Amino acid sequence: MARSRLIAGNWKMNGSRESARALATAIAGVPARSGVMVVVCPPFALLDVVAAALRGSAVALGAQDCHTAAQGAFTGDVAAPLLAECGCGYVIVGHSERRQYHGETDAAVAAKALAAQAAGLIPILCVGETLAERDAGRAETVVAAQIAGSLAGALDPARLVLAYEPVWAIGTGRVPAPADIAAIHQTARHSLTTRFAAAGDDVPVLYGGSVKGGNAAELLAIAGVDGALVGGAALDAGEFAAIIAAA
Ligand code: PGA
């Protein structure tokens, strides 16, 4: 069975209520493509505006992070069940900016993925090597270790998305060579089938890092790439629509 294609937009810490409404309305108006799931992940405080703008469209809503607990004394954090109540179907966990600026470990990411699934959300779990790790020839080892460390417990592979995002390609305009992306995706697939047996074959694996309208067709054609996690270009409805069209 062919894996489903997924294009996810990570808006990061961008947008106002007015700009988010306009962007989400424009994305909701992009013609749906059969077999291609589209998700947008705005900041927490914009989830309600974006949910309202997406209502009636096939575009799903996602968040950019969640806590491991369902509630409690965790100032500033947001629980997965509340995200579900806000209309989210997805949540990004373990983005490199969370790992880098908030010290998130593989163990923390694993717990977040489980919490997301417990709340009925599909985690989009991110992994990826730094430039130093790639230059040292360790990219595949690092990504395999991150995947192994971030998939814990009774995680359901049928409700999981993996995203390979080399840290050095995020927001830089630099993209790995197609053969390097294919190699990591093969490593990721091997890690998934080692962990989940045959069910690991059905987990979509996205590529992320400087995906634009102009390079999306080439990136999405690489063996093993099931979709894209898009940052900067997801803030421009025209660019995002071009990426969806290339999927
Ligand atoms: P970028 O970000 O598309 O701006 O490189 C991707 C991401 O961080 O998810």
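**Notebook: helix α2, the cores and the ligand site**

I looked first at helix α2, residues 47-54: six of its eight residues are buried, so the helix is largely enclosed by the rest of the structure. I note at the outset that this is a predicted model.

**Entry 1: helix α2.** I listed the buried residues of α2 and found L47, V49, V50, A51, A53 and L54. I then asked what covers these buried residues of α2. The cover includes two helices, α1 (17-28) and α3 (80-85), together with the strands β2 (36-41), β3 (60-63) and β4 (88-93). I also checked what follows the helix: G56 comes after α2 and has a positive phi, near 85°.

**Entry 2: V50 and the cores.** I took V50, one of the buried residues of α2, and looked up its contacts. With neighbours within four places in sequence left aside, V50 is in contact with W11, A20, A24, V40, P42 and L61. I next turned to the largest nonpolar core, which has 65 residues. V50 is among the residues with the most contacts inside this core, as are I7, W11, L83, L125, V230 and F240. I found a second core, separate from it, with 14 residues; C41, I122, V161 and A163 are among them. I set beside this the general tendency of nonpolar side chains in soluble globular proteins to be buried together.

**Entry 3: S191.** I located S191 in helix α8, which spans residues 178-196. Is S191 buried or exposed? Its relative accessibility is 14%, and because buried means under 20%, S191 counts as buried. Not counting residues up to four places away in sequence, S191 touches A144 and I147.

**Entry 4: the ligand site.** I counted 13 residues around the ligand, of which K12, H95, E165, G171 and S210 come nearest. By class, the shell has four nonpolar, seven polar and two charged residues. I then looked up individual polar distances to oxygen atoms of the ligand. For K12, an N or O atom in the side chain is 2.7 Å from a ligand oxygen. For H95, a polar side-chain atom lies 2.7 Å from an oxygen atom of the ligand. For G171, the atom concerned is a backbone N or O, and it lies 2.7 Å from a ligand oxygen. Finally, I asked how much of the ligand's accessible area the protein covers. On its own the ligand has 280 Å² of accessible area, and the protein covers 97% of that.

Conventions: Residues numbered from 1 in each chain as written. Predicted model: local features only at pLDDT ≥ 70, side-chain atom pairs only at ≥ 80, totals over all residues. Heavy atoms only, no water. Near = heavy atom within 4 Å. Polar contact = N/O pair within 3.5 Å; in protein donor to acceptor, adjacent residues only side chain to side chain. Areas by Shrake-Rupley, 256 points an atom, 1.4 Å probe, with all protein chains shown as cover. Nonpolar A, V, L, I, M, F, W, Y, C, P; charged D, E, K, R; others polar. Core = buried A, V, L, I, M, F, W, Y, C linked by side-chain atoms within 4.5 Å. Buried < 20%, exposed > 50% of the residue type's maximum accessible area, 1.4 Å probe, protein only. Contact = heavy atoms within 4.5 Å. Helix = DSSP H or I, 4+ residues; strand = E, 2+ residues; numbered from the N terminus.
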